[in-house]
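Here are my notes for someone opening this structure for the first time. Have the sequence and the 3D view side by side as you read.

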Amino acid sequence: MHSPFMRSPALRPPAGAALSHAPDPRRRLLLSSLALLALAGCGPEAPKLHGMDLSGMPTGDFQLQDTGGQLRRLADYRGHPVMLFFGFTQCPDICPTALTRAIEIKGLLGADADKLRVLFITVDPERDTPDILRAYTQAFDPAFVGLRGDAEQTRAAAQSFKVFYQKVATGSSYTMDHTALTYIIGAQGKLRLALRHQQTAEQCVQDLRTVL
């Protein structure tokens with residue numbers, strides 16, 4: 001098998017023949033790619049993050065109700081950095097760990113903590129009623145906001161942020177598999193960062209101070 005950038009021997013011009021000046025499109029594509037890589041290497045270094053830099057990616061949105069019944073969209077929190085997490089109240093490990101870490105992050109932010117809005121969107125509205133969701137989020141921090149919708153609104157919100165979730169049967173009940181990333185949206189409403197579940201609170205704050 002020949003390399004895509006090598007010509008078959010049958011296509012080589014005979015010795016002494018004039019070469020065509022028409023550029024090989026494959027070679028031109030390769031040279032263009034190398035030029036772009038060279039230009040990228042000359043630019044400023046990307047910030048070193050523990051999480052995933054999502055700057056420039058489309059920002060998702062949602063139309064969901066808070067636990068008081070008020071319809072909320074992401075624009076309602078414009079002017080504040082937002083920490084957004086998808087989960088469910090019966091989650092045995094991932095969700096309580098993420099929300100506990102959010103408390104630690106606020107503590108490390110010091111005077112900047114009051115600017116941060118922490119939003120928890122349930123992917124299990126079937127069981128997470130407004131009362132249950134309110135009690136759950138406020139058990140971590142009274143300022144945390146729980147959001148829920150019907151099945152279609154929940155699906156739309158998750159798809160908007162490229163979040164996966166799925167009901168998994170467990171005996172006579174079920175649990176939920178779901179994406180374990182925490183999304184950070186800047187005060188101007190732009191998606192900036194995804195914090196990985198395994199990051200420490202200190203690493204998360206380092207990332208926040210880098211991109212916000």
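**Notes on the sheet, the helices and the core**

1. Let's start in the middle of things: isoleucine 121 sits opposite leucine 147, a residue of strand 6. A little earlier in the chain, leucine 119 has valine 145 of strand 6 as its bridge partner. Strand 5 and strand 6 run parallel to each other, paired over 3 bridges. Keep in mind throughout that you're looking at a predicted model.

2. Now step back for the overall inventory. The protein has 5 helices and 10 strands. It counts 212 residues, of which 36% are buried. If you take the contacts with a separation of 6 or more, 69% of them link residues 24 or more positions apart.

3. How are the strands of the open sheet ordered? There are 8 of them, in the order 1-10-9-4-5-6-2-3, and the pairing is mixed. Strand 1 (52–53) and strand 3 (71–72) are the edge strands; each has a single partner, so one side of each has no neighbour in the sheet.

4. The mixed pairing is easy to see if you go strand by strand. Strand 4 and strand 5 are parallel, with 6 bridges between them; methionine 83, for instance, has valine 118 in strand 5 as its bridge partner. Strand 2 and strand 6, on the other hand, run antiparallel and are joined by 2 bridges. There, glutamine 65 is partnered with arginine 148 of strand 6. As general background, strands of a sheet pair through backbone hydrogen bonds, in either the parallel or the antiparallel sense.

5. Strand 5 deserves a second look, since 5 of its 6 residues are buried. What packs on the sheet here? Helix 4 (residues 151–160) does, touching strand 2 (64–66), strand 4 (82–87) and strand 5, and its direction makes about 105° with that of strand 2.

6. Which residues of helix 3 (residues 130–140) are buried? They are Leu133, Tyr136 and Thr137. Around the axis they cover an arc of only 85°, which puts them on the same side of helix 3. Turn to the other side of helix 3 and you'll find Asp131, Ala135 and Ala139 exposed. The buried residues pack against helix 2, strand 5 (117–122) and strand 6 (145–148).

7. Threonine 137 is a nice one to click on. This residue of helix 3 has a relative accessible area of 2%, and therefore counts as buried. Beyond residues up to four places away in sequence, threonine 137 touches Phe120, Phe144, Val145 and Gly146.

8. On to helix 2. Its 16 residues should span 22 Å at 1.5 Å a residue, and the end C-alpha atoms are indeed 22 Å apart, so the two agree. Buried here are Cys95, Ala98, Leu99, Arg101, Ala102, Ile105, Lys106 and Leu109. Looking down the axis of helix 2, you see them fall within an arc of 155°, so they line one face of the helix. The general rule behind such patterns is that an α-helix has 3.6 residues a turn, so residues three or four places apart point the same way. Just after helix 2, glycine 110 takes a positive phi of about 65°.

9. Is isoleucine 103 buried or partly exposed? This residue also belongs to helix 2, and its relative accessible area of 31% makes it partly exposed. Leaving out neighbours within four places in sequence, isoleucine 103 is in contact with Phe140 and Phe144. Isoleucine 103 and phenylalanine 144 are 41 residues apart along the chain, and their C-alpha atoms are separated by 9.5 Å.

10. Finally, the core. The largest nonpolar core holds 47 residues, and those with the most contacts inside it are Phe62, Met83, Leu84, Phe86, Ile105, Phe161 and Tyr183. Helix 2 (residues 94–109) provides the largest share of this core, with 6 residues. For a way in, pick phenylalanine 62: apart from its neighbours within four places in sequence, its contacts are Arg72, Arg73, Leu74, Tyr77, Leu119, Ile121, Leu147, Ala157 and Phe161. Two of these names, Ile121 and Leu147, are the pair you met at the start.

Key:
Residues are numbered from 1 along each chain as its sequence is written. This is a predicted model: local features need pLDDT of at least 70, side-chain atom pairs count only at pLDDT 80 or more; totals for chains, interfaces and linings use all residues. Side-chain values use heavy atoms; hydrogens and water are left out. A nonpolar core is a set of buried Ala, Val, Leu, Ile, Met, Phe, Trp, Tyr and Cys residues joined through side-chain atoms within 4.5 Å. Buried means under 20% relative accessible area, exposed over 50%, partly exposed in between (1.4 Å probe, protein chains only). Helices (H or I, at least four residues) and strands (E, at least two) are DSSP runs, numbered from the N terminus. Contact means heavy atoms within 4.5 Å. The expected span of a helix is 1.5 Å times one less than its number of residues. The arc is that of the directions from the helix axis to the C-beta atoms. Two strands pair if DSSP finds at least two bridges between them. Axes are lines fitted to C-alpha atoms, for helices over the stretch in contact, and angles run from 0 to 180 degrees between N-to-C directions.
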